[in-house]
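Please work through the exercises below with the sequence and the structure open beside you. Try each task before reading the solution under it.

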Amino acid sequence: MTTPTKLIVNCETGEESIIELTAEEIAQAEADALAFAAQQEEAAQAATALAALKASAKAKLISGQPLTAEEADTLVI
Amino acid sequence: MELVSNMSVNFISKTVVGTNVATVTLSSIPQTYKSLLVKARLKDYGNYGYETCSVRFNSDATSLNYDNLTYNSSNPNNGNIPVAGLNNSGTTKMFWSIVDAETELFPNAFSSSEMLITNYSSTIDYKSVSFFSANAQTNMDQNRITMNGSGYYKSNTAITSMSFTTGGSGLGVGTTFWLYGID
């Protein structure tokens, strides 16, 4: 497997170099990817839960049923 | 390049990715300006459709040092409501741009991105960052993603380097960064 590389540019001299990532940098990148995936999953779950609450609030409003405080919160601007 | 009498935009560097890389680092950034402006055309060389591009300052992976909010939209022309207020606080880097993948729908197109960093050379103040971006399109029926926002690099250390990477494979050939100093 090819080791990932990075392009480094010295803004003072204009010198460019391509070097392989260190083991620490690769580990950091893997940790970043896991953290980002977890964050995305959390955001998706929150969005799904909010949509369900809104749908439930709407259905109860239409049928004249009382809303829970959590459902009412989705309607308050 | 003199824009107005009391402000100037000074070219610092242009970096073109000639071979696919995981990261691009701009180092030894001059400390002589009031603000930094990054303009970029971005592409991920993977097979992911679209991804985010993030920046890490001074190789600092301290999660509490990054605090930003993005406002993303996805296909608003199809009736989708923009997703507002994605809180990226506590991450180990700053998410600042959308980026397209090379092998998907737009093999020859790039995302458009820009970022302004004030107080970057300060050893007293945090660094304020604003950014906006849009992915590549060939027609508006395809995935249309924008990502805009602002935030802080919560460090008193002057920014001397910036490292850019994507959530996918890495930065593809043709990706370009222009760095300017603003007085």
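The exercises that follow concern a predicted model, and each task is followed by its solution.

**Exercise 1. The confidence scores**

Task: State which ipTM and pTM the model scores, and what pLDDT chain B averages.

Solution: For the model as a whole, the scores are ipTM 0.84 and pTM 0.82. For chain B, the average pLDDT is 86, and 83% of the residues score at least 70.

**Exercise 2. The outline of chain A**

Task: Describe the secondary structure of chain A, and decide whether chain A is spread out or compact when set against the globule rule.

Solution: Begin with the elements, which in chain A come to two helices and two strands, arranged along the sequence in the pattern β-β-α-α. Next take the radius of gyration, which for chain A is 24 Å, whereas the globule rule gives 11 Å for 77 residues; because the value is well over that of the rule, chain A is more spread out than a compact globule. The box filled by the C-alpha atoms of chain A, taken along the principal axes, is roughly 70 × 30 × 15 Å. Finally, turn to burial, where 6% of the 77 residues of chain A count as buried.

**Exercise 3. A residue in helix H1 of chain A**

Task: Find the element that holds Ser56(A), and work out whether Ser56(A) is buried, exposed or partly exposed.

Solution: Ser56(A) lies in helix H1 of chain A. Its count of C-beta neighbours inside 10 Å is 16, and because a buried residue needs 20 or more while an exposed one has 12 or fewer, Ser56(A) counts as partly exposed. As a further step, compare sequence with space: Leu67(A) is eleven residues from Ser56(A) in sequence, and the two C-alpha atoms are 8.5 Å apart.

**Exercise 4. The outline of chain B**

Task: State how many helices and strands chain B has, and what share of its residues is buried.

Solution: Chain B has 13 strands and zero helices, so that its pattern, read along the sequence, is β-β-β-β-β-β-β-β-β-β-β-β-β. Of the 183 residues in chain B, buried residues make up 40%. Consider also the contacts in chain B between residues at least 6 apart in sequence, of which 78% join residues at least 24 apart.

**Exercise 5. Where the chains meet**

Task: Describe the side of chain A that touches chain B by its elements and by its residue classes, and then say in which sense E1(A) pairs with strand E3 of chain B.

Solution: Start with the residues that take part, which are 20 from chain A and 23 from chain B. On the side of chain A, strand E1 (5-10) and helix H1 (23-63) are the elements that give two or more residues, and H1(A) gives the most, with eight residues. Sorted by class, this side of chain A has twelve nonpolar, five polar and three charged residues. Now look at the strands: E1(A) and strand E3 (residues 23-27) of chain B pair in the parallel sense, over five bridges. Within this pairing, Asn10(A) has Ser27(B) as its bridge partner in E3(B).

**Exercise 6. The largest nonpolar core**

Task: Name the residues that touch the most other members of the largest nonpolar core, and list the contacts of Val24(B) beyond its neighbours within four places in sequence.

Solution: The largest nonpolar core holds 38 residues, and those touching the most other members are Val24(B), Met94(B) and Trp96(B). Strand E8 (residues 94-101) of chain B provides the largest share of this core, six residues. With neighbours within four places left aside, Val24(B) is in contact with Leu7(A) from chain A, and with Thr15(B), Val17(B), Phe164(B), Leu171(B) and Phe177(B) from chain B.

**Exercise 7. Two asparagines with positive phi**

Task: For Asn58(B) and Asn119(B), find the loop that holds each residue, and work out which is buried and which is partly exposed.

Solution: Most residues other than glycine have a negative phi. Asn58(B), however, has a positive phi of about 55 degrees, and Asn119(B) has one near 60 degrees. Asn58(B) sits in the loop between strand E5 (50-57) and strand E6 (66-74) of chain B, whereas Asn119(B) sits in the loop between strand E9 (111-118) and strand E10 (127-134) of chain B. For the last step, count the other C-beta atoms within 10 Å: Asn58(B) has 18 and is therefore partly exposed, while Asn119(B) has 20 and is therefore buried.

How values were computed. Residues numbered from 1 in each chain as written. Chains lettered and ligands numbered in written order. Predicted model: local features only at pLDDT ≥ 70, side-chain atom pairs only at ≥ 80, totals over all residues. Contact = placed C-beta atoms within 7 Å. Helix = DSSP H or I, 4+ residues; strand = E, 2+ residues; numbered from the N terminus. Nonpolar A, V, L, I, M, F, W, Y, C, P; charged D, E, K, R; others polar. Pairing = 2+ DSSP bridges. Core = buried A, V, L, I, M, F, W, Y, C linked by C-beta atoms within 7 Å. Rg over C-alpha atoms; globule rule 2.2 N^0.38 Å. pLDDT = per-residue confidence, 0-100.
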